[in-house]
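Subject: The structure, and what turned up in it

Hi,

Here is the structure I promised to pass on. Have a look at it first, and then read on for my notes.

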Amino acid sequence: MEQLLNYINGKLQAPVGGTFIDNIEPATGKVYAHIPDSDERDVQLATEAAQKAFPHWSALPVGERSRILRRLAGLIEQNLDELAAAESRDNGKPVSLARTVDIPRASSNIDFFATGVVHFSSDAHYMEGTAVNYTLRHPIGVVGCISPWNLPLYLFTWKIAPALATGNCVVAKPSEVTPYTAYLLSKLCMEAGLPAGVLNIVHGLGPKVGAAITEHPEIKAISFTGGTATGAAIAAKAAPMFKKLSLELGGKNPNIIFADCDFEAMLSTTMRSSFANQGQICLCGSRILIERPIYEKFRDAFVEKTKRMKVGNPADPDTRMGALVSESHLEKVLSYVELAKEEGGTVLAGGHRVHLEGELAGGYYMAPTVIEGLPQHCRTNMEEIFGPVVTLLPFDTEEEAVAWANATPYGLSATLWTQDLTRAHRVAHQLESGIVWINCWLLRDLRTPFGGMKQSGVGREGGFEAMRFFTEPKNVCVKIS
Ligand code: NAD
């Protein structure tokens, strides 16, 4: 059985402790590879390699760093088929999604920051007749990047690309649940000629490897994407060490549908925003708020479409709904369906595990699920489920919709459907979320600030925001008279 290896100091190597953990294929429920069960000793080796590489990498002309990273982006593109198949197998997502979204985006993340850094500039402040201030932006040094399982290579590259482009060296940890494409990336880094130690990938468990990265005194900043509870644990460790922190956390996003919307466009996009990646995207709209005059029309059309969605083998190019990422996650999502019933909800579609045949009999499949009749403030409507489960809530007034949309502790994204331009702007202004999509969903311009308010995060990724995060500003004041 294949054994994945860490990528440290430019080489693939086994963990110091010599132990490995199982890597399970969600489509079958079977172990198909082993990944390093690394610990603080591997993080130490990775940090030392990154420290050694930093003076050279940070001093390289920006055009040269850009050239190496663009070569890496090109290699991802060239290996699209292999990477997409690997992502689908490791995560359970449909291969069509990995092929059209995850892997192309991983390549464009690297390309975007490799080219963006060439245009990155800093400020100057002129004091009339007295002095000129200019701001230098230095790379921080060695930084840590920790990513989750839902969009494995997509989010891993979203973090490491701005860090590397701005001249930092990185100790990175992909999720232990979906390590495979990060492992394939380490081979592409070698092929691209990335100097040894510039990027180090340490595989293993969060409480061991993730915690060792967070606590390492020589790792000066942490960029983390994952659950809110993990983000809080990381912040508690990192804050007293005065580390820079970027936290992209959970969500419970509202999808607000006004009666005057373009119904067909809204319906097809709402199917995607509810169930894409089996609902395991932090930006999925899991609470659907519908203006009462079209509540029944929407409910009936949406439920009918949901019932027609076929759950299938992720490796089949026609599958649009694959497996959930793990057995424990499937159980967690199913437990929320039971909770919803206890809280008075009615399951209109799905709500149960799906058993496929043959090789796929042990896979973690679930029918897309629609629930109505729940009170707005119940736990099902407040807590992140992160699966193919949405709730429907009718509303009567704009004020009510805004109040309900803002009622959770989260504030990552919101979607809004209306043809009334004035209302669209007015509501967008009042929503407590880092991202608002009007008459669309997941339409991304990589230059825009990305991140959440409240318990959905601290800081923003994307564009110059990310490059500012990974650099330390220094003001230089020159007296001129
Ligand atoms: P998670 O918090 O369990 O794990 C994320 C990463 O942190 C993994 O690599 C894990 O090994 C590591 N980790 C776990 N414990 C750690 C610790 N004590 N110290 C350091 N690292 C540790 O999250 P997950 O289950 O992998 O991902 C799902 C969550 O991620 C959901 O809540 C989802 O909303 C969130 N998410 C947010 C965004 C966003 O942009 N805001 C994007 C994707 C996913």
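A word on terms before the notes: a pocket here is an open set of points on a 1 Å grid, with protein on both sides within 12 Å along at least five of seven lines, and its volume is the space filled by probe spheres set on the points. Please keep in mind that this is a predicted model.

**The two domains**

The domain assignment splits the protein into domain 1 (2–249 + 456–479) and domain 2 (253–449). Their centres, taken over C-alpha atoms, are 30 Å apart. Across the interface, 32 residues of domain 1 touch 33 residues of domain 2. Together the two domains bury about 2,500 Å² between them, and 59% of that is on carbon and sulfur atoms. On the domain 1 side, A27, W149 and S456 supply 20% of the area buried against domain 2, more than any other three residues.

**The largest pocket**

Where does the largest pocket lie? Both domain 1 and domain 2 give residues to its lining, so the largest pocket lies between them. It holds about 850 Å³ of space. The lining has 37 residues, and W149, F224, G226, G227 and T230 are the closest to the centre. W149 therefore comes up twice in these notes, as it is also one of the three residues named for the domain 1 buried area. Four elements give two or more residues to this lining: α7 (206–215), β11 (221–225), α8 (228–238) and α11 (327–342). Of these, α8 gives the most, with six residues. By residue type, the lining of the largest pocket divides into 16 nonpolar, 15 polar and six charged.

**The second largest pocket**

About 580 Å³ of space lies in the second largest pocket. Its lining counts 27 residues, and L97, R272, A276, N277 and W441 lie nearest the centre. The elements that contribute two or more residues are α4 (95–116), α5 (152–165), α9 (263–275) and α10 (295–308). Helix α4 has the largest share of this lining, five residues. The residue types here are 17 nonpolar, four polar and six charged. Because domain 1 and domain 2 both give residues to the lining, the second largest pocket lies between them.

**Cavities**

How many cavities of 30 Å³ or more are there? The count comes to five. The largest cavity has about 120 Å³ of space. It is lined by 16 residues, with G279, I281, C284, S286 and F386 closest to its centre. Strands β14 (285–291) and β19 (389–395) are the elements that give two or more residues to this lining. The lining of the largest cavity is made up of seven nonpolar, seven polar and two charged residues.

**A hairpin to look at**

One last stop is the pair of strands β4 (residues 20–25) and β5 (residues 30–36), which run antiparallel and are joined over six bridges. They form a hairpin with four residues between them. E25 has K30, in β5, as its bridge partner. In the turn, G29 has a positive phi of about 75 degrees.

Happy browsing, and do write back with any questions.

Best wishes

Conventions
Residues numbered from 1 in each chain as written. Predicted model: local features only at pLDDT ≥ 70, side-chain atom pairs only at ≥ 80, totals over all residues. Heavy atoms only, no water. 1 Å grid on protein atoms, 1.4 Å probe; cavity = no way out; pocket = protein on both sides within 12 Å on 5 of 7 lines; lining within 4 Å. Nonpolar A, V, L, I, M, F, W, Y, C, P; charged D, E, K, R; others polar. Domains from an automatic or database assignment. Pairing = 2+ DSSP bridges. Contact = heavy atoms within 4.5 Å. Buried area = accessible area lost by both parts, 1.4 Å probe.
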